[in-house]
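Good morning, colleagues. I would ask you to look at the model on the screen while I go through the protein surface that faces the nucleic acid, and then the charged pairs.

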2 protein chains.
Amino acid sequence: MSTIHDVAKLAGVSTATVSRVINSPDKVRSITRGKVQQAMEMCRYKYNALARGFVTKKSNTIGLIVPNINNPVFAESTLGIQDYASQHNIQVILGNSYYQQDLEAGLINTFLEKQVDGLIITTANPKGGQIKSLLDDQFPFVQLYSTIKKGPVSAVGIDNYKGGYEATLHLVELGHRRIGMIAGRFNVSDRSFHRWHGYKKCLRDNDISYDSSLLLQTDYALSGGRECVKQFMGLKKRPSAIFCSNDYLALGAIKGAREIGLVLPQDLSIIGFDGIQIASYVTPSLTTIQQPAYEMGKIGADVLFQQMADGNKPVQKMLDFKLITRESTVQYKVPNK
Amino acid sequence: MSTIHDVAKLAGVSTATVSRVINSPDKVRSITRGKVQQAMEMCRYKYNALARGFVTKKSNTIGLIVPNINNPVFAESTLGIQDYASQHNIQVILGNSYYQQDLEAGLINTFLEKQVDGLIITTANPKGGQIKSLLDDQFPFVQLYSTIKKGPVSAVGIDNYKGGYEATLHLVELGHRRIGMIAGRFNVSDRSFHRWHGYKKCLRDNDISYDSSLLLQTDYALSGGRECVKQFMGLKKRPSAIFCSNDYLALGAIKGAREIGLVLPQDLSIIGFDGIQIASYVTPSLTTIQQPAYEMGKIGADVLFQQMADGNKPVQKMLDFKLITRESTVQYKVPNK
DNA sequence: CACCTCTTTGTAATCGTTTACATTTTTATA
DNA sequence: TATAAAAATGTAAACGATTACAAAGAGGTG
């Protein structure tokens, strides 16, 4: 494989000039430029971005860690990040933490060794040691989907507390009083945790006493929702509505409810969270809290790039979410039995 | 940031020894090793994988190009690839081609500049120029989801022709004679193209004359399926069943059919392709041809790693797919009207 | 044409590792 | 204990670009 030296020799110029032709062509006379370009063609020169990264100490790569790319909401924000990044000639290394802190820590480490210029993380634990040491090193990174409103960490997300509140309020306003919650595990998702707090607050505000048997924590997966809904329906005092802390859980819950013979949405109202596209395509279509995932990715990348450029003070951005009312939630009716 | 030199000086050894401690610790006496490790701690040494890549000419990175990570089937194979790769200490740079050849070509270029050790591509056009030049350069890469059974390109996929045939056969065996197909655009997906050929062949084998008005090509997206099904139902002679060349299209079609008042599956049978998880969670649950996406990713990565290791001859692997019969397809009944 | 300024090009060090080869130290054996 | 063999360590060049600084060339002016 030919290098900048071969090109230089062939064109009869110095390597500095070749480098200039590549990086700032207007700084070299057009005659010379022509010679160099011709030489590059002749020896089928391929630019080595790794070598450049080595000397400039910029890899033009950022690391992205998501819990699971499987979940469309993360796929969507990933698209936002990638589109933004590629516009700026930056590539994205992707890693899945599978909601596991040790895996996440490992990924962060590897990415740092790879000299990524920045990191975007939807973290299991925003207070984890790995994150702290990123901060200590002043390394550019931003948390995505977070709830953090201020502090040393740059973050882009929505107010999950409020989101949980509104989701619950929607059910309350439909007349439901016995409202279950199927939540992603709190110890790996502070999003879920905050949504739960919003849920509790809303119940309290509406004089509904909190019943801990109506909270189920589970893995963030279709199967999780499916199993939990069955557990709820085994209860003596069943809920008439369920708030699921993400759409995948909700889709699973719909399926599970059907499997035990419930008629939806009459027998059970279900509301999700995220607003993934597919949620509007199922039956009954899913009422949900929609967050702007793609946008969040773009903005997250933008914030990161600021950090990278001017090592600015940390920035937090709270985006708006939106309650999307669809078929899966209906007015409460006393069961006739 | 401290380097290997700082460590060496602090530990009173040469850089070579430090390097050995990092890469093959058993080659250095444990006393020395201890001194070095201590020194590394003391100056908070961080390994620079970029520098290593530069000298070894291995970036320990592979490039992955998918049409759209949004589609769960690609997310799934991506997981397979990543899991396999991270077990081998390799990272994955991800790019979306959005089914566009120029974007794909751009990504390939950038990834090559970044000195990726190999490439996994689900390509828009397996005969495109960019792919050809990869082959000419003997660059390790494998095509995923492809149909290629032999030739110079390593490929892992399923027999899409057969898949299309079986999907159609399933409908035929249910008594359907007027069977539409909603397909991803042939010019950007040879998978779709091959499935269509299987579809045609199956019709012919069963003495059903091919009607070109029953083929609709569209973008691979939920919305595509939704629109096309409406177009079909506007026909004088409507199909009683539809084969969608992927599940997203099918899910869209289900939605679209509902919107124009059809009762599913009685009024219209729909079969998809891919076997994404969510397809079993919708109503009616989707009959589909399931391909082993996660496995495909793993095997694809494995094949790639072979190529990288011993520059072996190209390998093609055809995996098995499976017809999963669910609620969305039923016996044909003469419409009562 | 001499002089100055501005543009273009060249020189050579540098980035942080790895590694072939040379040298030293340790261990095993007679 | 001498010596050969094996193990551990060191030396220094190399990888392919960038870039500060120096040098040369071009162009303009009086």
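Let me begin with a definition: helices are DSSP runs of H or I with at least four residues, numbered from the N terminus. Please also bear in mind that this is a predicted model.

With that numbering, H4(A) gives the most to the surface near DNA strand D, namely five residues. On DNA strand C, the leading contributor is H4(B), again with five residues.

I turn to DNA strand D in detail. There are 29 residues around this strand, and those that come nearest are Ile4(A), Ser19(A), Tyr45(A), Arg20(B) and Thr32(B). By class, the residues of this surface comprise 12 nonpolar, 12 polar and five charged. Which part of the strand faces the protein? Of the strand D atoms within 4 Å of the protein, 58% belong to sugar or phosphate, and the rest to bases.

Three polar contacts deserve mention here. A polar side-chain atom of Ser19(A) is placed 2.4 Å from a phosphate oxygen of strand D. An N or O atom in the side chain of Tyr47(A) lies 2.8 Å from a phosphate oxygen of DNA strand D. Arg20(B), by contrast, addresses a base: an N or O atom of its side chain is 2.6 Å from a base oxygen of DNA strand D. The elements giving two or more residues to this surface are helices H1, H2 and H4 of chain A, together with H2 and H4 of chain B.

DNA strand C is next. Of the 29 residues around it, Thr17(A), Arg20(A), Thr32(A), His5(B) and Ser19(B) come nearest. Sugar or phosphate accounts for 57% of the strand C atoms within 4 Å of the protein, and bases for the rest. Here the base contact comes from chain A, where an N or O atom in the side chain of Arg20(A) is 2.6 Å from a base oxygen of DNA strand C. On the phosphate side, a polar side-chain atom of Ser19(B) lies 2.4 Å from a phosphate oxygen of DNA strand C. A polar backbone atom of Asn48(B) is 3.5 Å from a phosphate oxygen of the strand.

The H4 helices also appear in another feature. Phe54(A), Val55(A), Phe54(B) and Val55(B) form a nonpolar surface patch, with about 380 Å² of accessible area together. H4 of chain A and H4 of chain B each supply at least two of the patch residues. Is Val55(A) buried or exposed? Val55(A) counts as exposed because its relative accessibility is 61%.

Finally, the salt bridges, of which the structure holds 19 over all chains. Asp205(A) pairs with Lys201(A), the closest N and O atoms being 3.1 Å apart. These two are four residues apart in helix H9 of chain A, so about one helical turn separates them.

In chain B, Arg226(B) and Glu259(B) meet at 3.0 Å, N to O. That pair links distant parts of the chain, 33 residues apart, with Arg226(B) in helix H10 and Glu259(B) in helix H11. Glu259(B) also forms a salt bridge with Lys230(B), at 2.7 Å between the closest N and O atoms. Lys230(B) lies in helix H10 as well, 29 residues from Glu259(B). In chain A, Arg226(A), Lys230(A), Lys255(A) and Glu259(A) are linked in a network of salt bridges.

Conventions. Residues are numbered from 1 along each chain as its sequence is written. Chains are lettered from A and ligands numbered from 1 in the order in which they are written. This is a predicted model: local features need pLDDT of at least 70, side-chain atom pairs count only at pLDDT 80 or more; totals for chains, interfaces and linings use all residues. Side-chain values use heavy atoms; hydrogens and water are left out. Patches are made of residues with over 30% relative accessible area and no salt bridge: like charges are joined within 9 Å, nonpolar side chains (Val, Leu, Ile, Met, Phe, Trp, Tyr) within 5 Å. Accessible areas come from the Shrake-Rupley method with a 1.4 Å probe; for residues, only the protein chains shown count as cover. A salt bridge is a side-chain nitrogen of Lys or Arg within 4 Å of a carboxyl oxygen of Asp or Glu. Buried means under 20% relative accessible area, exposed over 50%, partly exposed in between (1.4 Å probe, protein chains only). A residue is near a molecule or strand if one of its heavy atoms lies within 4 Å of it. A polar contact is a pair of N or O atoms within 3.5 Å; within protein, one must be able to donate a hydrogen and the other to accept it, and residues adjacent in sequence count only if both atoms are side-chain atoms. Ala, Val, Leu, Ile, Met, Phe, Trp, Tyr, Cys and Pro count as nonpolar, Asp, Glu, Lys and Arg as charged, and the others, Gly among them, as polar.
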